[in-house]
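The following exercises ask the reader to work from a sequence and a set of coordinates towards a reasoned description. Each task is followed by a solution in steps.

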Amino acid sequence: MTTFDSRKDAAEKKYAHDEEVMFKATARRNKLLGAWAADKLGKSGAAADEYAKSVVMADFAEAGDDDVLRKVKGDLDAAGVDISEHQIRRTMDELMVSAIDQVKTGA
């Protein structure tokens, strides 16, 4: 195998690893967001866990974060909880940082 082939294989492996980390981190972020929203909705215990799972599942509706944002914002609005879309997006960004750290450390 040539040096070029080795470098190409290493780059492909790194790309695949980075994509896997981001997939796991996004799912973790969505679960954390679901727990945050569940708290705002007054849910606890099993109900909060189920809600967090529903937020994770909402991410499979379409590419990007808009589906998750719509679900959480809609649920909060329906419950009369006054939280802006901007606040939810900011919380999503903050939780993504935590989620990436958790995935990388195996927490």
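The exercises below concern a predicted model.

**Exercise 1. Determine whether Val-55 is buried or exposed, and identify its contacts.**

Step 1. Locate the residue: Val-55 belongs to helix α2, which runs over residues 45–58.

Step 2. Apply the cut-off: buried means under 20% relative accessible area. The value for Val-55 is 0%, so the residue is buried.

Step 3. List the contacts beyond four places in sequence: Val-55 touches Asn-30, Leu-33, Gly-34, Val-68, Lys-71 and Val-72.

**Exercise 2. Compare the span of α2 with the expected value, and establish where its buried residues lie around the axis.**

Step 1. With 14 residues at 1.5 Å a residue, α2 should span 20 Å. The C-alpha atoms at its ends are 20 Å apart, which agrees with that expectation.

Step 2. Collect the buried residues of α2: Ala-48, Tyr-51, Ala-52, Val-55, Val-56 and Ala-58. Because they cover an arc of only 165° around the axis, they lie on the same side of α2.

Step 3. Examine the face turned away from this buried side: it carries the exposed residues Ala-46 and Met-57.

Step 4. Identify the cover: the elements over the buried residues of α2 include α1 (3–40) and α3 (66–78).

**Exercise 3. Characterise the surroundings of Arg-29 and Leu-95.**

Step 1. Arg-29 is placed in helix α1, and Leu-95 in helix α4, residues 85–105.

Step 2. Classify both. Arg-29 has a relative accessibility of 2% and therefore counts as buried. Leu-95, at 17%, also counts as buried, since the cut-off is under 20%.

Step 3. Compare the contact lists, leaving out residues up to four places away in sequence. Arg-29 touches Asp-65, Met-92, Leu-95, Met-96 and Ala-99. Leu-95 touches Arg-29, Leu-32 and Leu-33.

Step 4. Set sequence separation beside spatial distance. Leu-95 and Leu-32 are 63 residues apart in sequence, and their C-alpha atoms are 6.8 Å apart. For Val-55 and Leu-95, the separation is 40 residues in sequence and 14 Å between C-alpha atoms.

**Exercise 4. Which residues form a nonpolar patch on the surface?**

Step 1. The patch consists of Phe-23, Met-57 and Phe-60, with about 390 Å² of accessible area together.

Step 2. Phe-23 lies in helix α1. Its relative accessible area is 55%, so Phe-23 is exposed.

Step 3. Met-57 also appears among the exposed residues on the face of α2 turned away from the buried side.

**Exercise 5. Analyse salt bridges within helices α1, α2 and α3.**

Step 1. Begin with the total: a search of the whole structure finds nine salt bridges.

Step 2. In α1, Lys-24 and Glu-20 are four residues apart, about one turn of the helix. Their closest N and O atoms are 3.0 Å apart. Lys-24 is partly exposed at 44% relative accessibility, as is Glu-20 at 41%.

Step 3. In α2, Glu-50 and Lys-53 are three residues apart, about one turn of the helix. Their closest N and O atoms are 3.8 Å apart, and the pair counts as a salt bridge because the cut-off is within 4 Å. Glu-50 is partly exposed at 48%.

Step 4. In α3, Lys-73 and Asp-77 form a salt bridge at 3.0 Å, N to O. They are four residues apart, so about one helical turn separates them.

Step 5. Salt bridges with shared partners also join Asp-66, Glu-85 and Arg-89 into one network.

Notes
Residues numbered from 1 in each chain as written. Predicted model: local features only at pLDDT ≥ 70, side-chain atom pairs only at ≥ 80, totals over all residues. Heavy atoms only, no water. Helix = DSSP H or I, 4+ residues; strand = E, 2+ residues; numbered from the N terminus. Buried < 20%, exposed > 50% of the residue type's maximum accessible area, 1.4 Å probe, protein only. Contact = heavy atoms within 4.5 Å. Expected span 1.5 Å × (residues − 1). Arc of directions from axis to C-beta. Patch = residues over 30% accessible without salt bridge, like charges linked within 9 Å, V, L, I, M, F, W, Y side chains within 5 Å. Areas by Shrake-Rupley, 256 points an atom, 1.4 Å probe, with all protein chains shown as cover. Salt bridge = Lys/Arg side-chain N within 4 Å of Asp/Glu carboxyl O.
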